[in-house]
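Biologist: I have a model open and would like to walk through it. Shall we take it piece by piece?

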Amino acid sequence: MMFDRRLIQEIDWVLIGLVLLLTFLGVLFIYSSSHFLPKSYYLRQLVWVGISLFAVFLVVAVDYKFLVSFSIYLYFLIVAVLAGSLAFARLVAGTKSWVKFGLFQVQPSELAKVVMILVLARLFAEYKGRYLNTPSTALALLLAGVPLFLIVIQPDLGTALTFLAILGGAFILAGLKKKTILLFLVVSLVVGVVGWNFALKDYQKKRLTTLLNPGQDLRGSGYQIMQSKIAIGSGGLTGKGFMKGSQSQLRFLPARHTDFIFSVIGEEFGFLGVFIILLIYFLMLARMFLSVAKARDRAGVYIIFMASMLIAFQFLINVLMIIGLFPVTGVPLPFVSYGGSSLISNYVACGLILNVKMRRFANV
Amino acid sequence: MPGDKIYEDLTIIVRRANAVFRAVAILVLLCLCYYWKVQILDYKKYWGLAEANRTRTRVVSAPRGLVRDRNGELLADNQASFKVSLIRDNVKNAAASYPAISKLLGISEGELRSRIERYKNLPPFEPVIIKDGLAPEEIAPIEGRRLEFPELEVAAEPKRFYPKKTTAAHILGYLQERSSEEIRDNPGRGARLGDMGGRAGIERQYDDRLTGTDGAILEIVDSLGRKRSEQVTQDPAPGQEIHLTIDARLQARAEELLGEKEGAIVALDPSTGEILAMASSPRFDPNRFITRFTPEEWVQFINDPASPLENRAARGLYSPGSIFKIVMALTGLDLGYVTDQTTVYCNGSIQIYGTSRACWFAPGHGSMNLVNAIKNSCNIYFYTLGRQMGIDTIAKGAEELGLGRKTGLDIPGEKEGLVPSSEWKMKALKTPWFPGETISVAIGQGQLQVTPLQIAALTAMVANRGTRIVPHLVLDPTNPKTTSPPDAAALSPFKRSTFESVIEGMWRSVNDHGTGQGARVEGLNACGKTGSTQLVSRERAKMLARAGKPIKTHSWFTGFAPRVNPRIVVTVLIEYGGGGGAVAGPVAGQMFSLWKDIYKK
């Protein structure tokens, strides 16, 4: 499969540059926060970066229209994998949501997000009305609902939330009437109450109550938030210096190289570090979101928007979570946190944006 | 336009997408504001929390100040006390390790396991103390097998150690753990629970001087509390050294002379008031308070009817018996009730206020002047003198000579004793004074109560021909070799010549076949007075009854040497010892003799 020269010219190198910049800053802080651990996480992350770039190459190589039309098969495949790994996890306790490929493990729920983007794009590309109607809403809910259900009972609340963000994004784009918004609010309230009483695990409930009162549970989930806030706050304006953060180096900070890596940045490079990372993120998200105008067709707009939404949502949740403004849900910081599955799915999402953007001229 | 159909109209959804992006942008901005608040506005707070997180202060105990005798001999030292702790993290195989450890340390496996069980909530890297108060020699076999027992940790801490064991125990006092109230009320001292504080004697009186300043080590710890590095922020500063006036040789001899007998010996330098020896028997070993008593030992100790903790020299209350005749003689002479020439005929008994009073020497002493009355301790002479003086004159004289109030000894707990007077009796017993009681007081019986230390101070005053001293145990810290002699204001109102007459009597008592001849030392012009008392104070009588002891005579001797320029005062009291001349006198003689051997060469 060869690339047309015109296609290569249309690739958004700026976006790729911003993503790679974040990725390598991430590797730096993975090193800082885990160099004292027996496994070399930063090297593993570099391997994952290589795999992710290869995945992007594959995604970009195929016209997104083909991917969209093919998406329904991917959808059934991923639902089958989710259900299968869940059933397997029931048999072998503790393996849960991981599928092993040799040395490396992959979370199928992460890849499900990308498949969902394609499926929803296909669904809404057909829909040209000004506002969303009931049949397509129901169909979208059904399509998203099956994998969502499988992810929720794993349980992986973070990924489930991201799923909802993609779906919600699609709905917003398709147009929501006031009546529908109201209906969603009522339904989510009911689901919330029922879920609180019957579905949420104790530790998940605790995370929510801890958010309202972090001092209440200083040894449990409040401990993580408190340690993270201490790390960030004690960074001050310029931070304690690379690999000199006492909170992260002395292991007070939980999940330093994964979900709480932004706390390490805040501690070691202070507010200036936070400002720079947020600025890079803002530029990248702007580049992503504003690409919707460059899409050739409706499916393209949906793909770019949902992919941007996926990354923006995870980013915001993570940045709010580690400073105690959102419950601890296990959402990593895209491109920066250590973790192969998350890295691949975010790179693939980014690849989809590139794909749509480079094929904006119809006759290629 | 023909191209119209190629591109759909996507304006609405693009507009919606842009609106969502604007919302995202606003959220990012708000986020940045919150980070600004946490990192810039609340920086101090979180910085403090991070510091508190990573640092832990470990206290390094400071050794207590040393206590030495006047010649630099150590009386209270410090010794490394070792404690052995178990780190559960390092236990590889509990089933094999615990029996081996219990064998090594000589504690039962059950006890070991119950100790570990008690601290099971501590993190496993935290050492659990399994045995403490170990001496260096007990540690050697454990240190020798270090490699076999990586789970054991040995740490040293300075602990008080009294090398001479029971010697001078009542002077030094003892230590006990400070109470939580004491720690709360003295926040400046920085004491912690488990710290030892002085409870009696020098240890208590000079607790602040002896207590050192604990050092501190700042430890950098990780989230599990494991030590990563440490930094000494303050070295422990040992407490100040204290030099006592005590001469350990005299002290040891005094204690040896008392032996198993209950009683007290005080030896002091009359020119300065420096106490050279102050022994009380029975004794205790202050080391036992450091290594902790077993419960049975403690109960036995506390219930011992002989109360070994009591410092009889400063706290024991006794009737002075014939020793009081010194007071009678001084007061009577000084106020002119008698002169040196006044004589009283002793035929062995006398009728006073309708009752017959006997002299201790039944055949009678014959014609007695003051000097001979003191030499022979003639009761009849002093009965007569007492009747002339009356109780209130006697009381005034006794108070003038330092009885009935504290001598000013520099350790706590000294007793005042009692000098009865008509006024006192009216106040305390609500009955008027009977003249017959005066006759008992005249020979040192009745309600009179004195401590051996008061008698020693009184004797020093006689030896000094009227100059009062304050008996004390600590040498001047600025000039630890001497203490300044008492100032002129300490002079008593008695005439100097009065003292010479009394001293002549005391000299004869010892050197001219008087009652005190047992204290005679060849080549040392000692002067002294004996005493024997049948009466015991009410509290002592109760104690005696509890102990089931027969109420026998207390034996007294007090004296000084040499007659001119006196250098040493010795006061001996032996409970139930018998006659003062027979028992206490020779003991005092031994003290004089040792003093002569040490200081007269």
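Biologist: How many residues do chain A and chain B each give to the contact?
Modeller: This is a predicted model, so every value is computed. The contact draws on both chains. Chain A gives 41 residues, and chain B gives 34 residues.

Biologist: Which helix supplies the largest share of the side of chain A that touches chain B?
Modeller: Several helices take part. α7 (157-174), α10 (221-235), α11 (246-249), α12 (261-289) and α13 (298-321) of chain A each supply at least two residues. The largest share is 9 residues, and it comes from α12(A).

Biologist: How do the residues on that side of chain A divide into nonpolar, polar and charged?
Modeller: Sort them by residue type. The side of chain A that touches chain B holds 5 charged and 9 polar residues. The nonpolar residues there number 27.

Biologist: Now chain B. In what order do the strands of the open sheet run?
Modeller: The sheet has 5 strands, and the pairing is antiparallel. The edge strands, β12 (275-281) and β17 (527-533) of chain B, each pair on one side only. From one strand to the next, the twist averages 5°. The order is β12-β11-β19-β18-β17.

Biologist: Which residue in β19(B) is the bridge partner of B:G263?
Modeller: Look at strands β11 (residues 263-268) and β19 (residues 568-574) of chain B. They pair in the antiparallel sense over 6 bridges. The partner of B:G263 in β19(B) is B:I574.

Biologist: At what angle does α20(B) run to β19(B)?
Modeller: Helix α20(B) lies across β11, β18 (554-561) and β19 of chain B. Its direction is compared with that of β19(B). The angle is about 150°.

Biologist: Which helix gives the largest share of the largest nonpolar core?
Modeller: That core has 115 residues. B:I265, B:V266, B:A267, B:M591 and B:F592 touch the most other members. The largest share, 9 residues, comes from chain B's helix α20 (residues 452-463).

Biologist: Which residues does B:A267 contact, leaving aside its neighbours within four places in sequence?
Modeller: B:A267 is one of the core members that touch the most others. Its contacts include B:L250, B:A254, B:L276 and B:A277. The others are B:I568, B:V569, B:V570 and B:M591.

Biologist: What percentage of chain B counts as buried?
Modeller: Chain B has 23 helices and 19 strands. Its length is 601 residues. The buried part is 42%.

Technical notes: Residues numbered from 1 in each chain as written. Chains lettered and ligands numbered in written order. Predicted model: local features only at pLDDT ≥ 70, side-chain atom pairs only at ≥ 80, totals over all residues. Core = buried A, V, L, I, M, F, W, Y, C linked by C-beta atoms within 7 Å. Buried ≥ 20, exposed ≤ 12 C-beta atoms within 10 Å, placed from the backbone. Helix = DSSP H or I, 4+ residues; strand = E, 2+ residues; numbered from the N terminus. Contact = placed C-beta atoms within 7 Å. Nonpolar A, V, L, I, M, F, W, Y, C, P; charged D, E, K, R; others polar. Pairing = 2+ DSSP bridges. Axes fitted to C-alpha atoms, helices over the stretch in contact; angles between N-to-C directions.
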